[in-house]
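User: I'm new to this and would love a close look at one part of this model: the aromatic rings and what sits around them. Could you walk me through it?

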Amino acid sequence: MDAAPPNRSPRTAPAAGSLVLDVRDLQTQFFTDAGIVRAVDGVSFSVSAGETLGIVGESGSGKSVTALSLMRLLDEPSRIVGGEIRFQGRDVLAMDAEELRKLRGEGIAMVFQDPMTSLNPVLRIARQLAETMQAHGRFTREQATSRAISLLGRMGITAPERAINSYPHQFSGGMRQRVMLAMGFSNEPALLIADEPTTALDVTIQAQILGLIAELNRDFGAAIILISHALGVIANVCQRVIVMYAGEVVEEGPTEQVLADPRHPYTWALINAVPRIDRHVPDTRRLVTIEGTPPDPLAMPSGCRFAPRCPFRIAQCDQHPALIEVAPGRKARCWVTQAGEPLPPPATARLAAGPPRAAQPSPAQDVTPPLLSVRGLVKHFALPREGFFGKGRYVHAVDGVDLDVMPGETVGLVGESGCGKSTFARLVARIHEPSAGSIRFAGHEIADASASAIRPLRRRMQMVFQDPYASLNPRMTVADILSEPIRFHGLTKTAGETRERVEELLTAVGLNPKMAIRYPHEFSGGQRQRISIARALALKPDFIIADEPISSLDVNIQAQIINLLIDLQEKFQLTYLFIAHDLAVVRHICDRIVVFYLGKVMEIAPAADLFTASLHPYTRYLISAVPIPDADAERRRTRLPLAGEPPSAVDPPSGCRFRTRCPIAQPICAEVTPPLATHRDGHLAACHFPGQF
Amino acid sequence: MLRYVLSRLGLAIVMALLSTLVIFLIANTVPGDPVLSQLGDLAASNKEFVAEWRAKWGLDLPLWQRYLIFLQQLAHGDLGISISSQRPVLQDIRDFAPATLELASIAFLLSIVVGIPLGILAAVRRDSWIDHTARLISLIGVSSPTFWLAFIMLAVFYGGLQIAPGPGRLDTIALPPHAVTGLYLIDSALAGDWDAFRDAGAHLILPSIVLAAATLGLITRTTRASMLESMQQDYVRVARAKGLREVRIVVGHVLPNALIPVVTLGGLAYANLLTGAVLTETIFSWPGLGRYTFRSAVSLDFPAIMGITLVVAMVYLLINLAIDISYALLDPRVVR
Ligand SMILES: Nc1ncnc2c1ncn2[C@@H]1O[C@H](COP(=O)(O)OP(=O)(O)O)[C@@H](O)[C@H]1O
Ligand code: SF4
Ligand code: SF4
Ligand SMILES: [Mg+2]
């Protein structure tokens, strides 16, 4: 992969301008027991040969259903009830089964969101790749296999001859997505649809895959529809973008213009809700969000579907606006912008006039003792032995970590998945037992303390998990979920007191106290995460460990939860250990950031320092991999593509763990483990050549 | 793969040893005095006679010694002498086992050859008449009591229509083919005796249908459910998006995944057929292990019971081994 800015340069598109796909007034509906869900409601767009089109919108807005409709891959109970889909002039909706089969995989190919489930687990990669080519009769088995090998090589898979005989479970998520791309391009389709192809991947791997998609678009000349809920991803790859809301297209235009000057309030809100890694304004931590959720698909508002949440609403919004041209090449579905009114310029975080942070803790560690002090923390997980006589092997999940967290501080933990962030959090919360090392919390040693000795401290230290679905007991009402810890720790005396406390908690996290009688499944993802947060707050803790608390949520909901966390911190003087893979978010809310790699700390620095003057090569790479929702900025910045994936934590590299991927590694890096040394005030890095990359 | 098979084999051997111990202990601690049941009241009241009898069968030694002797004998293929038949237990089992093996295997083949395709069709044509028929067949199979089904079968096809032969492995006047395996179908084919082959085959039809019924129902339902579950998976949608033909998707992508749970069920069902045919064998006068077991049990014939239990345990262990190995063949994720 090269570092060239993705494909906005003119490319050798076959007969540029000729339409590959033309969708008119597409309507797809789900016939459910509760009623008809208009998942896609009158969507029109077109894609020219070799073009890259992005589709954004929050989950449930109809992006995936649109994509599936294009290839007629819908399952019961959904059906296309109206509209027209033309692929290279042919009417897709009129095709019979055999014509459709020929279209799929040859004319249009598709890459799906979850690479872990997209490949058949019991079939070899070779077979799955070759059959795609054989199915369309263009290659014999031998030809298909040799072409599969060269395609895998093209997709950046090392030793493709060997890889092709593997089974999917032997591959990481990133590699599987490369296989899916190889599959998609194997018949040189005129159009590739990629539905959230990088959502399940790490930022570094995401950057690799997006770069690859842009390159393939250039080399194969295939038009691409890239679906994503992340504006940064779209800005990175797509020339044109359509924004979907509640089953409709609400805005369409060239990516740069839409992101710089949105013409629909929903787009405007989306852009504002994302913290930007390249434009951080000190002392403004709250994000501009639009409250509320998308309309109930069973009861759509008759006027503008965004009206209930729209800050620019006018009287006319009772009527349903049409999608019409508001500027050359740009369309929007909004009465206000159609009348020529401008929306305020989106300036991330700048508009958010949150109160400046009161207690900015200084790194002067000698004044106040740290709330949490970790020294030499180690956790090794034993692997199952191979056979009876295999030798015991260990995953070095956390391998000697030192860290202090001051009261009132927000410390961020970043790094690729599998590098020990969650294990570290669970060690600190003593969900796992450390293999070695010391953990002092509020002056007490808890690394080897018994469960009963920890119990009083548990009250002060709580965890919030990534998956709000899995962490709430589905058979308990919210009231039960929240009152359980309160009663267990005897915080209240009477049932009435407990009830009051539950109501207080729900109000604190922005939920209606009347919802206490409901069960978790009656809430949306964002609301469930609020409930998890309320549960964590139930015992009035002073320290909260949040493990990817917003990763499974939509952009706008993410912003709401971030704001909630910030408010709660100010209200209750909380200290946070915040784990996330989204560096922009971490930068936005954290005072200090810790960079993890293969169980070790690579760098610790105040947030501002880390992003402006990082010392460790790995940190540089991580920052560079974050997509920026600004086409202009994306084009101007130089990208550092971090190749490969972290090596196995079973046999980590000797010396510096990063050396196998480090471009400036020297012989000494393999021999001597670089110590985590202070280079500036409060800025530590573990590298023999800090800042030289 | 080899390493996996070896480690499973090792485990099976350990389990086999353990099971000999368990079987020995159970057999020697069950209530019921064999003296009484074997000797009758008169002889049992004679103390000397009883002591002599106990010594003869080793019943007077301490438990652990008896276990060691038991193991030693086992190593020589000696399962002891049946108290009631006064013949080596191994020989008894050898005489009775082929009839059961033949019946159970035919029943098993019947249930997979019919059940799996039926389950596949039912899943692929969900809610069509095929699905409903399959549901009806498996419902009848699973829910009809064996004796009832056997009675109906005999009444209709043997008594009423007279198109099926009656009980037994062969016609009463026919001679069994020269014994090589003890399986009449194979022995008669080897001997080129096609009349005997037809006769043995015809006699197998009704009992194997009766025996297979429940298994067939179970396998059909499991195959259908497992197919439906696999058809929901993302990779099926991917396969469709690749432009594969429906038949290829079902046979090439869905089935290999769907068969994994069916293999476990099928293996265990086969073991059940081999060891649990008492009722069917009794009704069809089938001279198999089931009837031998029954006879030995009522007469508290310890050596015979131990021998049979041991055989049953080994059958289960072997089949489990076979399940484990086919699992590894079907699912690459099993072998690390
Ligand atoms: N199986 C289903 N049954 C009923 N409604 C569904 C089903 N799948 C999706 N929908 C509805 O279709 C709409 C669009 O969903 P989808 O295309 O998956 O959104 P996106 O891809 O933008 O997240 C949503 O309102 C969703 O609730
Ligand atoms: S039409 Fe009205 S309610 Fe809808 S987005 Fe525009 S201003 Fe907001
Ligand atoms: S120590 Fe060496 S290998 Fe490690 S990050 Fe620094 S330069 Fe690279
Ligand atoms: Mg989707």
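How many aromatic pairs are there over all chains?

Analyst: Happy to! Keep in mind that this is a predicted model. Over all chains, the count comes to 14 aromatic pairs. Let's zoom in on one of them, W194(B) with F197(B): their ring centres are 5.4 Å apart and their planes make an angle of 70 degrees. That pair is edge-to-face, because the angle is over 60 degrees. Along the chain, these two residues are 3 apart in helix 9 of chain B, which covers residues 194–231, so about one helical turn separates them.

How open are they? W194(B) has a relative accessible area of 47%, so it's partly exposed. F197(B) comes in at 30%, which also lies between the 20% and 50% cut-offs, so this residue is partly exposed too.

Rings can also join up into a group. In chain A, ring pairs link Y597(A), Y618(A), Y621(A) and F658(A) into a cluster.

Rings can have charged company as well. In chain A, the charged end of R79(A) sits over the ring of F31(A), at 4.5 Å from the ring centre. Chain B has a case too: R169(B) places its charged end over the ring of Y184(B), 3.7 Å from the centre.

One last stop, away from the ring pairs: ligand 3. It has 13 residues around it, and those coming nearest are C656(A), C662(A), C669(A), C687(A) and H688(A). Sorted by class, the shell around ligand 3 holds 10 nonpolar residues, 2 polar ones and 1 charged one.

How values were computed. Residues are numbered from 1 along each chain as its sequence is written. Chains are lettered from A and ligands numbered from 1 in the order in which they are written. This is a predicted model: local features need pLDDT of at least 70, side-chain atom pairs count only at pLDDT 80 or more; totals for chains, interfaces and linings use all residues. Side-chain values use heavy atoms; hydrogens and water are left out. Rings of Phe, Tyr and Trp (its six-membered ring) pair if their centres lie within 6.5 Å; planes under 30 degrees apart count as stacked, over 60 as edge-to-face and the rest as tilted. Helices (H or I, at least four residues) and strands (E, at least two) are DSSP runs, numbered from the N terminus. Buried means under 20% relative accessible area, exposed over 50%, partly exposed in between (1.4 Å probe, protein chains only). A charge sits over a ring if NZ of Lys or CZ of Arg is within 6 Å of the ring centre and within 35 degrees of the ring normal. A residue is near a molecule or strand if one of its heavy atoms lies within 4 Å of it. Ala, Val, Leu, Ile, Met, Phe, Trp, Tyr, Cys and Pro count as nonpolar, Asp, Glu, Lys and Arg as charged, and the others, Gly among them, as polar.
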